[in-house]
Structure formats: C-alpha cells, structure tokens
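Let's walk through this structure together, starting from an enclosed space and working outwards to the elements around it. Keep the model open beside the text as you read.

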Amino acid sequence: MLVSSRLMAAAGIVPLPIAARAASLLFQQVLKSHPRLFDRLGDYRYSCFGFAPSDLAFEFVIRPAGGTIRTYRRGRAPEADARISGPLLLMLGLAEGRLDGDAVFFARKLAVTGNMEAVLALRNALDDSGIDLVKLAGDMSGPIRRPVMAALSSVRRHALKAEGARWN
C-alpha cells in the first residue's frame, strides 16, 4: 500500500535513539493505561519477546517483568525466548487484540519462533485488553491530538484492508 510503504520508508531514516524513545514512550503509555496487562502471563512474564517487523528498519525486545522495551536496528536484536515477525501493522493489530491471531498465523502473514507457550500466554494476555494504540498515540500528541488520531486511524484502516485483514 502506498501510504504505509511511504511511512515505513520514512521510518527507516529515523535515528535509532529517536525510534527507541518513541517506542518507549508508547510502551510506557500502554503500561500506564493497562497496568495489569501482563498479569495473565504467569511465569512467562520473565520471558523475553522479540518483535521483528518485516517492513520496518527496527526490531523490538520486550521484557514484561521489567516493563521494558528495547529498540534495535533490524538484524541486531539479541536472541529472545520467542520471536514474532511480519508486517508491523498486523503485529499492532494483534497487540490491540482486534485481529484473529490464528487466521493471520495460518495465512502465513506472521512467523513465530521460539517458545510457543510463551507466545500463547502473550496472546491470551492481549486478548480483551482493550488497547487502542491510535488513541494512546493521540493522547501523547497534545494539541495536535485530533489530526494525529485521524491520520493514524486512516493508515491502520487502509493498511489492514490492503493486507486482506479486517479490523474489528
């Protein structure tokens, strides 16, 4: 899709410290809004989850027990207990619990490696979480909240439509 491919290309030139700060701010906002998000992980909260968007120049590693996210250039992230790779917007849709993870996985739009039990626990933790990343990003945008939310909502809607995934 033209909009998301342009957006992803632009994101590729963002310096790593800026990308890391943006990811950290959004992740902390998610944890602030959903403080019990990782409670359903059980012992898997001590696991390390890697996320490798196939269409972005960055990878992310989340450690739920520490409430941390680290950002790396693609191919430079350390090993994780479980790793999920695929298009960024599909992964974000799954993080919000609005996409059918099984359908996306079996359509081979996502690849999952490592500890499958940890991934299943993470999926269960995210299900019904009510996370809305567009709203959270908008809330962080201050006086430009409305245009930011409108732009992100449009990108999300069009990208998922292009992927053949329906946003619930």
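A cavity here is a set of grid points where a 1.4 Å probe fits but cannot get out, and its volume is the space filled by probe spheres set on those points. Please keep in mind that the model you are looking at is predicted. With that in hand, how many cavities of 30 Å³ or more does the structure hold? There is one, and the largest cavity has a volume of about 40 Å³. Its lining consists of Gly50, Phe51, Ala52, Glu59, Phe60, Val61, Ala77, Pro78, Ala80 and Arg83. Two elements, β1 and β2 (58–63), each give two or more residues to that lining. Sorted by class, the residues around the largest cavity are seven nonpolar, one polar and two charged.

Now step back to the whole chain. Its secondary structure amounts to seven helices and five strands. Following the sequence, you will meet them in the pattern α-α-β-β-β-β-α-α-β-α-α-α. The chain has 168 residues, and 40% of them count as buried.

Many readers will want to look at the interior next. The largest nonpolar core has 34 residues, among which Phe38 and Phe51 touch the most other members. The elements that give two or more residues to this core are α2, β1, β2, β4 (82–86), α3, α5 (116–126) and α6 (133–139). Which of them gives the most? That is α5, with six residues. Phe51 may be familiar already, as one of the residues that line the largest cavity.

Phe38 takes part in something else as well. The count of aromatic pairs comes to one. The ring centres of Phe27 and Phe38 are 6.4 Å apart and their planes meet at 35°, so this pair is classed as tilted. The two partners bring distant parts of the chain together: Phe27 belongs to helix α2 (residues 16–33), whereas Phe38 sits in the loop between α2 and β1 (49–53), 11 residues apart. Buried or exposed, then, for Phe27 and Phe38? Both are buried.

The loop between α2 and β1 also holds Cys48. Its relative accessibility is 3%, which is why Cys48 counts as buried. From Cys48 you can jump to Asp81: they are 33 residues apart along the chain, yet their C-alpha atoms are separated by 5.2 Å.

Helix α3 makes a good next stop. Six of its eight residues are buried, so α3 is largely enclosed by the rest of the structure. The buried ones are Leu88, Leu89, Leu90, Met91, Gly93 and Leu94. Leu92, also in helix α3 (residues 88–95), has a relative accessibility of 31% and therefore counts as partly exposed, since the buried class ends under 20%. In space, the C-alpha of Leu92 is 7.9 Å from that of Leu133, although their positions lie 41 residues apart in sequence terms.

Just past this helix, Glu96 has its place in the loop between α3 and α4 (101–106). Is this charged residue buried or exposed? Glu96 is buried, with a relative accessible area of 4%. A polar atom of the Glu96 side chain lies 2.4 Å from the backbone nitrogen of Leu133. Glu96 also has Asp128 at 8.3 Å, C-alpha to C-alpha, with the two 32 residues apart in sequence.

Gly97 comes after α3 too, and its phi is positive, near 70°. The C-alpha atoms of Gly97 and Leu126 are separated by 5.7 Å, while the residues are 29 apart along the chain. Leu126 is found in helix α5, and its relative accessible area of 14% makes it buried. That brings you back to α5, the element that gives the most residues to the largest nonpolar core.

Key. Residues numbered from 1 in each chain as written. Predicted model: local features only at pLDDT ≥ 70, side-chain atom pairs only at ≥ 80, totals over all residues. Heavy atoms only, no water. Helix = DSSP H or I, 4+ residues; strand = E, 2+ residues; numbered from the N terminus. Buried < 20%, exposed > 50% of the residue type's maximum accessible area, 1.4 Å probe, protein only. Phe/Tyr/Trp six-rings, centres within 6.5 Å; stacked < 30°, edge-to-face > 60°. 1 Å grid on protein atoms, 1.4 Å probe; cavity = no way out; pocket = protein on both sides within 12 Å on 5 of 7 lines; lining within 4 Å. Nonpolar A, V, L, I, M, F, W, Y, C, P; charged D, E, K, R; others polar. Polar contact = N/O pair within 3.5 Å; in protein donor to acceptor, adjacent residues only side chain to side chain. Core = buried A, V, L, I, M, F, W, Y, C linked by side-chain atoms within 4.5 Å.
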